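User: I should like to learn how surface and ring features are read from a structure. Could we work through an example together?

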Amino acid sequence: MTKRTGEILDLLDEKYTREYKCYLNYENPGQLLVATMLSAQCTDARVNIVTKDLFRKYPTMEAFANADLKELEQDIKPTGFYHNKAKNIIGMAQMVCSKFGGEVPERLEDLISLPGVGRKTANVIRGNIYHEPSVVVDTHVKRISRRLGLAKEEDPEKIEFELMKVLPKDHWILYNIQIITFGRQICFARNPKCEECFLTKYCKEYKKR
C-alpha cells in the first residue's frame, strides 16, 4: 500500500470509523441476498420499506422458490425493474433449494451461478455474511475510486481487481461502506460538495478545476 493510499484510508477511518454496517435490513443470508438483488437501480431506503412486508410474506428460501411470479412482481414493484427481479429471485431461490440445500452458498463461483447474481451481489454476501474479504464495486465506489486515482478502469469487475491490489484486505469491505456514505453525503455524481470534502488533496477532478 502506498503512503498516499494509506493517508486516504486514515482520513476515511477518522471520518466514518471502522464500524461495519450494512444499509440493507436483513436477519439471515437469504434475506440479504434478496434485498441486494432488489437494490439494483433502487435506493436502499426504498428496498427496506418493501422488504419489511416481503420478508414476512416469504420467510424462507422455499417460500420465494414457490412464489407466484405475478404476485411477487406486485410485491416488489416499487423497487423498479420488477419483472426481471421477480423472475431472478424465484430462479435464485429454486436453485439455492435444489442445489445448496436451502443455504446461501459461500463460494464466489457458486454465488454467481445463481440467476440474477453478479460479482457485486456475491461480494456483498461474502463480505457481510461470511466475513470473506471482498471488494464491492457499486456506482459510488466506481465514481469515487476513479476520482481519487485508486482505479482507472471503467468496468466494475476490472475496478474490483484494481482495488484488490491497492487496498489492504482489512479495508476491502470497510472501504465500500465508507465510500457509500461519502458518496451520499459529499461526493455526488453531479455537483459534489467539494467545499465540505476532506479528500480534495487527493482528488483528480478537483485538481482540474
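Analyst: Certainly. Please note that this is a predicted model. We may begin with K201: at 58% relative accessibility, K201 counts as exposed, because exposed means over 50%. K201 is found in the loop between α11 (172-185) and α12 (204-208).

User: Which residues form a positive surface patch?

Analyst: Lys and Arg count as positive. In this structure, K152, K201, K204 and K207 form a positive surface patch.

User: How many aromatic pairs does a search of the whole structure find?

Analyst: The search of the whole structure yields four aromatic pairs. One of these is formed by F55 and F64, with 6.5 Å centre to centre and 85 degrees between the planes. That pair is edge-to-face, because planes over 60 degrees apart count as such.

User: Are F55 and F64 buried or exposed?

Analyst: Both F55 and F64 are buried. Elsewhere, a cluster of Y16, F182 and F198 is linked by ring pairs.

User: Which value does phi of Q41 take, and where is Q41 found?

Analyst: Phi of Q41 is near 55 degrees, a positive value in a residue other than glycine. Q41 lies in the loop between α2 (29-38) and α3 (44-57). With 69% relative accessibility, Q41 counts as exposed.

User: What is the phi of F81, and why does F81 count as exposed?

Analyst: F81 is not a glycine, yet has a positive phi of about 50 degrees. F81 counts as exposed because its relative accessibility is 57%. Its place is in the loop between α5 (69-76) and α6 (82-100).

Note on methods:
Residues are numbered from 1 along each chain as its sequence is written. This is a predicted model: local features need pLDDT of at least 70, side-chain atom pairs count only at pLDDT 80 or more; totals for chains, interfaces and linings use all residues. Side-chain values use heavy atoms; hydrogens and water are left out. Patches are made of residues with over 30% relative accessible area and no salt bridge: like charges are joined within 9 Å, nonpolar side chains (Val, Leu, Ile, Met, Phe, Trp, Tyr) within 5 Å. Accessible areas come from the Shrake-Rupley method with a 1.4 Å probe; for residues, only the protein chains shown count as cover. A salt bridge is a side-chain nitrogen of Lys or Arg within 4 Å of a carboxyl oxygen of Asp or Glu. The place of a charge is taken as NZ of Lys, CZ of Arg, CG of Asp or CD of Glu. Helices (H or I, at least four residues) and strands (E, at least two) are DSSP runs, numbered from the N terminus. Buried means under 20% relative accessible area, exposed over 50%, partly exposed in between (1.4 Å probe, protein chains only). Rings of Phe, Tyr and Trp (its six-membered ring) pair if their centres lie within 6.5 Å; planes under 30 degrees apart count as stacked, over 60 as edge-to-face and the rest as tilted.
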